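Notebook open, model loaded. I wanted to look up the charged pairs and the metal site.

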Amino acid sequence: MITLYDYELSGNCYKVRLLLNILGLEWKTRRIDFHPGREHKSDWFLRLNPLGQVPVLEDDDLGLRDAQAILTYLAARYDRSGRWYPAGDARTLGEIAMWLAFAEGITATASAARLAENFLYDLDVDAARAGAHRLFRVLDEHLWFAEQEGRDWLCAPGHPTIADVACFPYVVLSEEGGVSRMPYPAIRRWTDRFKRIPGFTLMSGVFPAGAAV
Amino acid sequence: MNQAHAILVDDWHAVAELDFLRSRGAFATALLDVGLEVSCGGPDDFRVLRRDTGAPLATRVEYGHLFTTLGEPARDLVHFPECHEEDRIRVTGGSIGVNVSGLRAVENFLDMGHFPFVHTGYLGIEPHTEVEPYEVAVTEQDEILATACRFFQPVASPSAEGGMMVDYVYKVCRPYTACLYKSNPVEPERWDVIVLFVQPVGEERCIAHSWLAYLPHDLDEEATRWYMQLIFAQDKPILENEFPKRLPLDRRAEVPVRADAASLAYRRWLGAHGVTYGAIPAA
Ligand SMILES: [Fe+2]
């Protein structure tokens, strides 16, 4: 049985919940009192993940930290369609790795701004926002050109991959950090398409496709 | 900018959740546009300094939070008897910043009409969208009291299983302090209590602090917090998309419907007390 060490309001945990749902997997949740309990910095949790971060996933005797690593593992092991992480397709795997790294950049910027605004983290929120806008411009342009070539998703195949799952949460939560998506129409179209993926699930702060906010 | 009225200056406001403060050691915040430095010298040694003058401010510790004041408090902290009942799970909900007037946050807290649309599957579900008429009064203690509120809720509490009709009582104690009493599924004669202490950081920015006093059935502190944050994080984007960000007190500004009786009473009460901070006063 898969166990997810989870915090409801974490976009990185949301990535994992999204893919678990999309793949139709069953899992057990161990909720972590992240704010204000800081359970992710407790001794018992640090033994699980010395970096003191959620999510952590356990499956049989395997323990994994890092949302992107967990997405890679889940897709490679459980996705029978072979689409979410197409092993053997070197070109697509390269693109996926590139966008997984990009997702880390979104976490370091858009998510950091959200931590400051929501959870009162003491950090340079203006720098975080500026960094998010730099990345969003790159993302918007990439998605716009993809659309021109008839592609709806981040990587070459005509279907979403774990790269889309990794980038979606902190993009869609960006307004909470004061990062508006108004200037990025291709991003807004992409998040709307993402919400229509079968198995898509919500978290607090994310609204269904077509909703007013 | 509106000047903060004496009713706000001469009162206590929550400025830090104690666990959060203990883990940070010190941090900067603001109250009514006055910058503050909040610090913790030991497990029970808390200080608040004004950043402009360096002056230390009076503090009080209660309900899992540190309270302070910019003036001479004319009255004590609001007293919630349920918060001293030993058999309850009493825990802070986790402070969350919201970029909107704190008065909007209180008003949203009083509103049942949004449950099926914003808290879909938890505090409401379509087609159960009707808010039945309820009673609103101002008490002898000058608090707004809304009683006989009832709503159908699919997951009414962190331990609820299956939908149920829930009874609510709302109370607004101070301009930025409100609480709600919610019938407990296991012990219907007692209430679960949620207190909202809103810290007005500026006129269009607040920090929502909360204190929960739940009956313990099948619950622990983590589950209680989890549920509070799940619900509040659904409200946050709605609040931040309010326009204007300050609360209009002019009754014609936003057309009232019957279900908005508590909101209407709140706006009228704020107007009567001359609260303009975080508000757009009636012309
Ligand atoms: Fe709400």
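I started with A:Glu95 and A:Arg91, whose side chains meet in a salt bridge at 3.7 Å, N to O (a side-chain nitrogen of Lys or Arg within 4 Å of a carboxyl oxygen of Asp or Glu). Both sit in helix α4 (residues 90-119) of chain A, four residues apart, about one turn of the helix. A:Glu95 is buried at 19% relative accessible area, while A:Arg91 is exposed at 61% (buried is under 20% relative accessible area, exposed over 50%, partly exposed in between, with a 1.4 Å probe and protein chains only).

Note to self: this is a predicted model, where local features need pLDDT of at least 70, side-chain atom pairs count only at pLDDT 80 or more, and totals for chains, interfaces and linings use all residues. Residues are numbered from 1 along each chain as its sequence is written, chains are lettered from A and ligands numbered from 1 in the order written, and side-chain values use heavy atoms, without hydrogens and water.

Next I checked B:Glu107 and B:Arg267, which form a salt bridge at 2.6 Å, N to O. B:Glu107 and B:Arg267 are 160 residues apart in the chain, and both are buried.

I also looked up the total: 36 salt bridges over all chains.

Last, the iron ion. Its protein donors are B:His114 (NE2), B:His119 (NE2) and B:Asp235 (OD, listed twice), 2.1 to 2.4 Å away (donors are N, O and S atoms within 2.8 Å of the metal, or 3.2 Å for Na, K and Ca; water is not among the atoms, so sites may look incomplete). Along the chain I read the spacing H-x4-H-x115-D. B:His114 is buried at 10% relative accessibility, and B:His119 is buried at 1%.

Notes: Helix = DSSP H or I, 4+ residues; strand = E, 2+ residues; numbered from the N terminus.
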